[in-house]
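This report looks at a few parts of one protein model. Please have the sequence and the structure open while reading.

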Amino acid sequence: MRRRFWGWAALGGVVGAGVFLAAAELVALVASPEASPLLALGSVVIDAVPQPLKELAITTFGEYDKIALLLGLAVAVLVAASVAGVLQFVRPPLGIAVVVIAGGLSLAASLTRAGAGPAAAVPAAGGTVTGGLVLWWLIARLRAWAAAPGDEGPLEQPVPHAHEGEPAERPTVHAKGAAGPGSVDRRAFFGVTAIAGASALLIGVGARALITASSSSLAAVRKALRLPAAKSSVAIPAGAELDIPGISPLFTPNADFYRVDTALTVPSVDPAAWRLVIDGMVQQRVELTFDDLVGMGLDEYAITLTCVSNEVGGPLVGNAKWLGVPVRDVLRMAAPTPGADMVLSRSVDGFTASTPLGSLLDDDLDAILAVGMNGEPLPLEHGFPVRMVVPGLYGYVSATKWLSGLKVTTFAADEAYWTPRGYSAKAPIRFSSRLDTPRTGQPVPAGRIPLAGVAWAQTVGIERVEVSIDDSRWQQATLSTPVSDDTWVQWFLEWDAAPGAHNIVVRAVDRNGDVQIGERTPVAPDGSTGWHRTLIRVT
Ligand SMILES: Nc1nc2c(c(=O)[nH]1)N[C@H]1C(S)=C(S)[C@@H](COP(=O)(O)O)O[C@H]1N2
Ligand SMILES: [Mo]
């Protein structure tokens, strides 16, 4: 078929895809809000991409890694849709075959998400049928127009717009074509393209907005939630916080707290419907409601949380005051049976973490089920309404957000989310230190200035922090008064900065007397090592 129609065929394909997605969103709204095909596909991609690629995405896009993924998916959909349109034009029903394949993939993706019931299949199925019909009809009109005798088609090669507004008004049709055979099909093609395109846009955006609105109603639920007062609060000793511009604050504000998870959209969990199931190798299966949990009494704990993906000197660490209940109190209600050595905590979104049972039962370790963070209910993106926090273990093996279950089991029998993806099943944190100020690329004027930052060795505590300037001897920094061994400390060292470039290296020594490992190792499989080195320019 004539190549000059390929642009219009691609446009038909894109409109068909738009109708596919809009219809799916509309059906999802009624049938299965979690089963949006695009989001389901995105989640499958997140779960499937190999670990190095994922690290690359996190380091390249940071907090925007998920937006980048969705944009990438959108581009892929545009390309596939255009190809489907052209294929359907050149060799029907190959385009329809592409739609069916896309529908099958979305269907599989929706059905395999955590907690998906049979209803999760409906949006993808509805989208496939509607999108396929529109594509078939549009391309049939285009083929009739292209095949019409005497119609040479557009005089100039029309360039399809990015948005399918009013291509019919383009000066592409000469008088003979307008009245000749095929003009009915041409008008039908453009008319339906415009109407279908515009409706897809309206319906798709509208349905998504309504689905999103349900999460803003959850935000209102969270805002109205009043947690019982804490039985005990964290004592902050004098000198716990240094007053140095540019240093990490002792407690990281919730809005600045790093976020790492595999959830493409923040899971919505209503505390009124929340249940925690403790099962597996237990004498007594236990099921708790949110009121049961907070009714056990809340205490405040200051704990620094660390991500295994944090590079030396990186931002994926934060300190907060958590309000919660010891995990051991809940586990003891269920009475773990002998032989168990692991607790597999599960999130509503399917994420799992493997934590040694011994750590969670240890009376001297403040492993908690947290419901509050820095004086508020947990923020939605930090695991509302309940998450786990365990001092001294990386987040991926302990800090399950949107918690739904604790399965008492063994490391031999069960595997957590990250274990088959290149990370260790057990991962105590590697203690570390960081220079916060001054920063690389931020020249400072010569004179006396503080070098300052934070250091953490959860459960053990920081003994001292040492700084080496231009490879000279290690100088001991001054520490803030620790809140506890589970929180980071701030440190500073006054420095007479002379003009030029200077190499600053920081390392910590923990209370066991161990010196921070100097050798650089990557974040996988169990956390980065190395000293934070910073090049500072003094002017
Ligand atoms: N449900 C769920 N919980 C999760 C994760 C996740 O992907 N899904 N990521 C874990 C990881 S890797 C870390 S480091 C911490 C991060 O917690 P934050 O986002 O509140 O800082 O959450 C943990 N809990
Ligand atoms: Mo993490």
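## Two of the annotated spans

The model is a predicted one. Residues 94–114 are 86% helix and 0% strand, and the C-alpha atoms at the two ends are 33 Å apart. For residues 66–87 the helix share is 100% and the strand share 0%, with 31 Å between the end C-alpha atoms.

Both spans appear in the UniProt record, an unreviewed entry, under the annotation "transmembrane region". That annotation also covers residues 120–139 and 188–211.

## Helix α10

Helix α10 is made up of residues 327–334. Which of its residues are buried? They are V327, R328, V330, L331 and A334. These residues lie on the same side of α10, because they cover an arc of only 160° around the axis.

Directly after α10 comes A335, which has a positive phi of about 55°.

## A sheet of four strands

Further along the chain is an open sheet. Four strands form this sheet, in the order β14-β13-β17-β18, and their pairing is antiparallel. The edges are β14, at residues 475–476, and β18, at residues 532–538. Each of these edge strands pairs on one side only.

How many bridges join β17 and β18? There are seven, and the two strands pair in the antiparallel sense. Strand β17 runs through residues 500–510. One position to find in the structure is G500, which stands opposite V538 of β18.

Conventions. Residues numbered from 1 in each chain as written. Chains lettered and ligands numbered in written order. Predicted model: local features only at pLDDT ≥ 70, side-chain atom pairs only at ≥ 80, totals over all residues. Heavy atoms only, no water. UniProt positions renumbered as here; feature names shortened; annotations may be inferred. Buried < 20%, exposed > 50% of the residue type's maximum accessible area, 1.4 Å probe, protein only. Arc of directions from axis to C-beta. Pairing = 2+ DSSP bridges.
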